[in-house]
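Student: I'd like to go through this one label by label. For each, show me how the value leads to the word.

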Amino acid sequence: MIHQVETPIVELHDITVSYHKKPVLWDIDLTLPSGSIIGIIGPNGAGKSTLLKAMMGLVELSSGYVRIFDQDLDQVRSRVSYVPQKESVDWDFPASVLDVVLMGRYGKLGLFTRPRKADKEVAMECLRQVDMENYAGRQISQLSGGQQQRVFLARALAQEADLYFMDEPFAGVDAATEKAIINLLKSMSKQGKTVVVVHHDLQSALEYFDWAVLLNLRLIASGPVNQVLTPELLQETYGGKLTLLAAVGDLLTKKEFPSRE
Amino acid sequence: MEAFWIILAGTLVAIPCGLLGCYLILRNMAMVGDAISHAVLPGIVIAFFVSGSREPISMLLGAGVLGLLTTFLIEFFHSKARLQTDAAIGVTFTWLFALGVILISVFAGQVDLDQDCVLYGEIAYVPIDLWITGSGIIMGPRVIYIMGIVFLLVLSFIVIGQKQLFLTTFDPSFAAATGVNVALWHYLLMGAVSFTTVGAFESVGAILVVAFLIVPPATAYLLTEDLNKMMLITTLLGLAISFIGYHLAVWLDGSIAGAMSVVAGVLFGLVFIYKEITSRPALVN
Ligand SMILES: Nc1ncnc2c1ncn2[C@@H]1O[C@H](COP(=O)(O)OP(=O)(O)OP(=O)(O)O)[C@@H](O)[C@H]1O
Ligand SMILES: [Mg+2]
């Protein structure tokens, strides 16, 4: 079940990625629709983070190519934003919350230009959107996990991009933060922005996303969320993991997949 | 006057080493300076054979090339062989140093060369090692010029590259995603470190260089959580260490480099104890 889109915002053509000669993504051929919230779903080690990195040009491709806005990534970097997994950085680093959010502005500044007042205002506005404006001067070593995630989101917002790639923005945040983040993503998508999110929780996937991509080394499915999250496709994605399968089965019988239309 | 030149030389080494050291410790690469101090030995020996003399420029060049090679190899073992950074550092410098030792022992009969003569410059000789022009004008201590240039270059590098160094140190994958050339900035930083350490070895000796690279930034790291303040504190510490260290050495009639390194260590210890006492939660009866 792989839906292709007419005028995609992201197009992956026959992508294969290997780490140390071992392929971790096989022959991914994929198009994503613009203006939607897209979930990338699959078990641990399925290659979800790697897929995001491939789209951002952060890993070498063994084969294939990526087109974003129908152009080469290098031509459109300023319109694309990347939110790494928050575990990927050292939060004991000597920097304040505002310092980190201002990093989102660097792409718009030249090599020698330092952030100006206008950049600081944008950064503060972004902090406000994630409810962190009172923490601007706080050292990042003093943040909780959920607050760290919000800071990363604010940094991405400060990039004022059109396309956002987020690696597990809901990992380790409480229910209230998760809700705040998903509302933010929804309002972004209403403004015509596209958000691609790596996500783990099947329960909420139906509610959060417009489009879903199922991945397990190979592309299992890609399409509108209610057509993709079916028992057969989920079984194919999580195949063999019995406990998980049982949980998925429960979920499926409970929810019966209401149509979103 | 002698005191002035020695303290100035100490400061001119301390500040660039400390500023670069701030980034090194934040990148978990604090021991790179120590590695370079050992790994440059084969470069010095080869330079000696190529140029046939102990003339300092070619030796600095040989050492500089090896310094850069060292940083390349460390990065190579780290990213390609997936060794931890500290293991990659250890593997790289030990075999390069050993190679230098072998080169010296093989040619021991023919050369008057040992590590001491180049690597362990002596800060006490700064005031008498003068730069005299062809027409006989005395321009002052040679080391002040060398380290003055290093100081200015490193300072401009840190100021110009401030954003990129901060970004690539804190979050390299985000930096790469925004189009910053992460590898380039890594090698610019490592290049600056090898250039500074090699220049400073020749001027003031290796122990002092390694001490200045690590101890003041580590002390400053304990005192602040702001990178700019960390660099400022490091700079002030460099000044204080040079000043106090010199006077301690005079008073004890001992080694100046040794005294400065000890002062650096003592200041670190005092700050550490201070932090331990102030951050301990108040006891409730
Ligand atoms: N830097 C790397 N070097 C070598 N192998 C890697 C590297 N990064 C990932 N891998 C391997 O590639 C595969 C896919 O990893 P990836 O991080 O993309 O999975 P993921 O779907 O994001 O998993 P998770 O849900 O645990 O985050 C895994 O088998 C992993 O071991
Ligand atoms: Mg991942």
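**From values to labels**

Student: Why is B:Arg82 called exposed?

Tutor: B:Arg82 has a relative accessible area of 58%, and exposed means over 50%, so the label fits. Keep in mind that we're looking at a predicted model.

Student: Where is B:Arg82 in chain B?

Tutor: You'll find B:Arg82 in the loop between helix 4, residues 56–79, and helix 5.

Student: What makes the phi of B:Arg82 worth a mention?

Tutor: It is positive, near 55°, and B:Arg82 is not a glycine. Most residues other than glycine have a negative phi.

Student: What is the phi of A:Lys21?

Tutor: A:Lys21 has a phi of about 70°, again positive in a residue that isn't glycine. A:Lys21 sits in the loop between strand 1 (10–19) and strand 2 (22–32) of chain A.

Student: Why is A:Lys21 called exposed?

Tutor: With a relative accessible area of 82%, A:Lys21 passes the cut-off of over 50%, so exposed it is.

Student: On to B:Thr92. Why is B:Thr92 called buried?

Tutor: Buried means under 20%, and B:Thr92 has a relative accessible area of 0%, so it qualifies. B:Thr92 belongs to helix 5, residues 85–106, of chain B.

Student: Which residues is B:Thr92 in contact with, leaving aside neighbours within four places in sequence?

Tutor: B:Thr70, B:Leu73, B:Ile74 and B:Phe77.

Student: How do you know that the side chain of B:Thr92 has a polar atom close enough to B:Ala88 to count as a polar contact?

Tutor: Set the distance against the cut-off: a polar atom of the B:Thr92 side chain is 2.6 Å from the backbone oxygen of B:Ala88, and the limit is within 3.5 Å.

Student: Why is B:Ala14 called buried?

Tutor: B:Ala14 has a relative accessible area of 2%; the label needs under 20%, so B:Ala14 counts as buried. B:Ala14 is part of helix 1, residues 2–26, of chain B.

Student: What does B:Ala14 touch, not counting residues up to four places away in sequence?

Tutor: B:Phe212, B:Gly238 and B:Ser242. As for B:Met147, 133 residues from B:Ala14 along the chain, the two C-alpha atoms are 10.0 Å apart.

Student: Why does A:Gln4 get the label partly exposed?

Tutor: A:Gln4 comes in at 42% relative accessibility. Buried stops under 20% and exposed begins over 50%, so A:Gln4 falls in between. A:Gln4 lies in the segment before strand 1 of chain A.

Student: What makes the pair A:Gln4 and A:Thr31 a polar contact?

Tutor: Their side chains come to 2.5 Å, and the cut-off is within 3.5 Å. A:Thr31 is also one of the residues A:Gln4 touches beyond four places in sequence, along with A:Asp29 and A:Leu30.

Student: How far apart in space are A:Gln4 and A:Asp167?

Tutor: They're 23 Å apart, C-alpha to C-alpha, with their positions 163 residues apart in sequence.

Student: Now whole chains. How many helices and strands does chain A have?

Tutor: Ten helices and nine strands.

Student: And what makes chain A as compact as a globular protein of that length?

Tutor: Its radius of gyration is 19 Å, and the globule rule gives 18 Å for 261 residues, so the two values are close. Along the principal axes, the C-alpha trace spans about 55 × 40 × 40 Å. Buried residues account for 53% of the chain A total.

Student: How do you know that the radius of gyration of chain B agrees with a compact globule?

Tutor: For 285 residues a compact globule would be near 19 Å, and chain B has 20 Å, so they agree. Chain B has 13 helices and two strands, and 49% of its residues count as buried.

Student: What supplies the exposed area of chain B?

Tutor: Carbon and sulfur atoms supply 71% of about 13100 Å². In chain A, those atoms supply 48% of about 11700 Å².

Student: How many positive and negative side chains does chain B have?

Tutor: Chain B has 9 positive and 16 negative ones, with the centres of the two sets 13 Å apart. Chain A has 27 positive and 32 negative charges, and their mean positions are 6 Å apart.

Definitions and conventions:
Residues are numbered from 1 along each chain as its sequence is written. Chains are lettered from A and ligands numbered from 1 in the order in which they are written. This is a predicted model: local features need pLDDT of at least 70, side-chain atom pairs count only at pLDDT 80 or more; totals for chains, interfaces and linings use all residues. Side-chain values use heavy atoms; hydrogens and water are left out. Helices (H or I, at least four residues) and strands (E, at least two) are DSSP runs, numbered from the N terminus. The radius of gyration is taken over C-alpha atoms; the globule rule is 2.2 Å times the number of residues to the power 0.38. Buried means under 20% relative accessible area, exposed over 50%, partly exposed in between (1.4 Å probe, protein chains only). Accessible areas come from the Shrake-Rupley method with a 1.4 Å probe; for residues, only the protein chains shown count as cover. Lys and Arg count as positive and Asp and Glu as negative; His and the chain ends are not counted. The place of a charge is taken as NZ of Lys, CZ of Arg, CG of Asp or CD of Glu. A polar contact is a pair of N or O atoms within 3.5 Å; within protein, one must be able to donate a hydrogen and the other to accept it, and residues adjacent in sequence count only if both atoms are side-chain atoms. Contact means heavy atoms within 4.5 Å.
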